[in-house]
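Trainee: I would like to take a close look at one part of this model, the place where two chains meet. Please guide me through it.

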Amino acid sequence: MHDLFAIVMLAGIYSLLSASLFLDLDAVDVAFTEASVGAGISTLLMLASLKLVGRHEKKKRYKPSLALGIVIVTGALLIYGTFDMPHFGSADAPVHNHVAPRYLNESMDEIGVPNIVTSVLASYRGFDTLGEVVVVFTAGIGVMSLLLVRRETKDIEKKKVPADMQQQIILRVVAKMMLPLILLFALYVQFHGDYGPGGGFQAGVIFAAGVILYTMLFGLTNARRIFKREILTLLTATGVLIYAGVGVACMLMGGNFLDYDVLRHDPVHGQHLGILLVELGVGITVASVMITLFFKFTWRTVKHKYTS
Amino acid sequence: MNILGLYNYWIVVALMMIGFYIVIAHENLIKKLIGLSIFQTAVFFLYISVGKITGGTAPIYDERWQLYSNPLPHVLILTAIVVGIATTALGLALVVRIQEAYGSIEEDEIHAQDGSDELECQLEAYGPRQKYLGAKRK
Amino acid sequence: MFAVTSIALLVVMALALIRAYAGPTLYDRILAVNNFGTKTVLLIAVIGFLGGRPEFLDIAIVYALINFISIIAVLRFFEYAGERKTEEES
Amino acid sequence: MEIIIDTISWILLLSGSFFCLTGAAGLLRFPDFFTRIHAASITDTLGASCILIGLMLQAGWTLIFAKLMIILLFSLLAGTTASHAMAKAALKSGMKPQFLHTNDK
């Protein structure tokens, strides 16, 4: 298959399928993330960049038999390696006997949050998550500097709504109706993450998806009026600052870094407050980085359209 | 010992090798990125399937259930997915810049261009600067 | 009963997948992807009941949402990408 | 009462699966895009509604019911709109329905 568009669409299906598989393997939070990130944002970014690089792959004449050989040998070695692994679904595998029982048994007393994934993510392993948020932040900065554009010219600004979307009136009306619900749902996912699947990462991505929907249907200029570049940059940094700030606040109040017990008189209440703030920081950073990424790619395509 | 109980690892290995093959055998950079993400998903499957316990349920506390799957791999993979999209976006941005600089996203064409006009590139890199210095001296 | 429904949905998804792979035009693929997405939403809802924990319907909502957005994205970006190469896909 | 509700929901689930299957068969077997979108989207709407209402009856008056309701509304709204947008985009890109061709001859 040489049409990259079709390939990206099949990759989107693959993401949906793998998310269903995660759901079947009891990883609801992971399924949530994979559905919104892998199937949603990843496909969107791929499509936007296909618009820039063209959608046809050049045909190749030779057969890469050497590559096939390497792959088969590596695969055979890996399968040989699996013979020593614990069986699928067995409860006495080494993974289940290290720290996991502690998380499962004492999370409810120590943290007081029903969703154990959230409590591990934001509290037990909060330091890891801070690192991940910084990685997302850095990637946002990287894309910003790679796809830097010069000042916007005047004639582009006149073009408010994309031409092909002006025709789709029904689509635009329905999308306008749905937009508040999507943003509301994102907030629900954000603050319900303690009790069900969800949390800052997923909520940020869903919020960004709502904004991206608006951008696609009503044009970049309209979306830029609400989400100005300066505000987005500020928000990207603010999220990381909130996360790290909670950690520093814990230190100032006499605990360790990101040790939420000291935030309130009751340790469980402190944990609740800490997780809420930290997830908020994660959500803000992820949402603004995703929106920025999409804006950067779309902006390039608009520029291409007018210069070429 | 029942070997068939290991089928989850075989699926992971198969997916991983498909991703690996796409990365090394295809010249198109977008296809390479997709292969990379398939490889990535294979690793996610490995972690998540290790965390599954037969008869367990999702690790969200509820009175009706006693046995939960292991939450630790879920946490690791959740963050890994978000970091994965961040790196994919960075890769796509690089591909876009490569397309602008070389006019192609096929790896062999890029290499061919690099080989043929290496000298020109050097001239281009040094030429204007020398001119500028020369002008300054005058 | 849930098992019967979920098997039927899986069959539907497989058929949609064949259509998505076979094409022949890009719009057929988009249609198949859309159909696949809506069936996944239903499958997740049914599997929740099958597994005895139907609380996780948030995921199905996200699927429906993402499916809609990605269909719009494909339509939006495809029209422009079509402009560059005027050759119609056969 | 319980049995009646269960029976109704089973009938709805089964008929929903049937409609989805017919839709998929149409998607696979029909000759061109416009007939395929017809088969897929119309049977889809009915099938999805049947399955979701059947699940709602199983759930009873809980939060699950409300969430299923949201999914139903969303899929009715988004599914139809997406089908409309697809058909319109295809028509605008110059794709002609096959049956017009045969009638013209």
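Trainee: Before we turn to the interface, how many helices and strands does the secondary structure of chain A come to? Please then describe in detail how chain B meets chain A.

Mentor: The model is a predicted one. Chain A comes to 13 helices and zero strands, and buried residues account for 56% of its 308 residues. Among contacts in chain A between residues at least 6 apart in sequence, 71% link residues at least 24 apart.

Now to the interface. The size of an interface is often expressed as the accessible area lost when the parts come together. Here the area buried between chain B and chain A is about 7,000 Å², and carbon and sulfur atoms give 77% of that area. In chain B, the residues that lose the most area to chain A are Ile60(B), Leu78(B) and Ile85(B), together 9% of what that side buries. In terms of contacts, 72 residues of chain B touch 82 residues of chain A.

As for polar interactions, six residue pairs are in polar contact across the interface, with both residues at pLDDT 80 or more. The count of salt bridges between the two chains is one: the side chains of Asp26(A) and Lys52(B) meet at 3.1 Å, N to O.

On the side of chain B that touches chain A, helix 1 (7–25), helix 2 (29–51), helix 3 (71–102) and helix 4 (107–116) each supply at least two residues. Helix 3 of chain B gives the most, with 24 residues. By class, this side of chain B has 47 nonpolar, 17 polar and eight charged residues.

Terms used: Residues are numbered from 1 along each chain as its sequence is written. Chains are lettered from A and ligands numbered from 1 in the order in which they are written. This is a predicted model: local features need pLDDT of at least 70, side-chain atom pairs count only at pLDDT 80 or more; totals for chains, interfaces and linings use all residues. Side-chain values use heavy atoms; hydrogens and water are left out. Helices (H or I, at least four residues) and strands (E, at least two) are DSSP runs, numbered from the N terminus. Buried means under 20% relative accessible area, exposed over 50%, partly exposed in between (1.4 Å probe, protein chains only). Contact means heavy atoms within 4.5 Å. Buried area is the accessible area (1.4 Å probe) that two parts lose on being put together, summed over both. A salt bridge is a side-chain nitrogen of Lys or Arg within 4 Å of a carboxyl oxygen of Asp or Glu. A polar contact is a pair of N or O atoms within 3.5 Å; within protein, one must be able to donate a hydrogen and the other to accept it, and residues adjacent in sequence count only if both atoms are side-chain atoms. Ala, Val, Leu, Ile, Met, Phe, Trp, Tyr, Cys and Pro count as nonpolar, Asp, Glu, Lys and Arg as charged, and the others, Gly among them, as polar.
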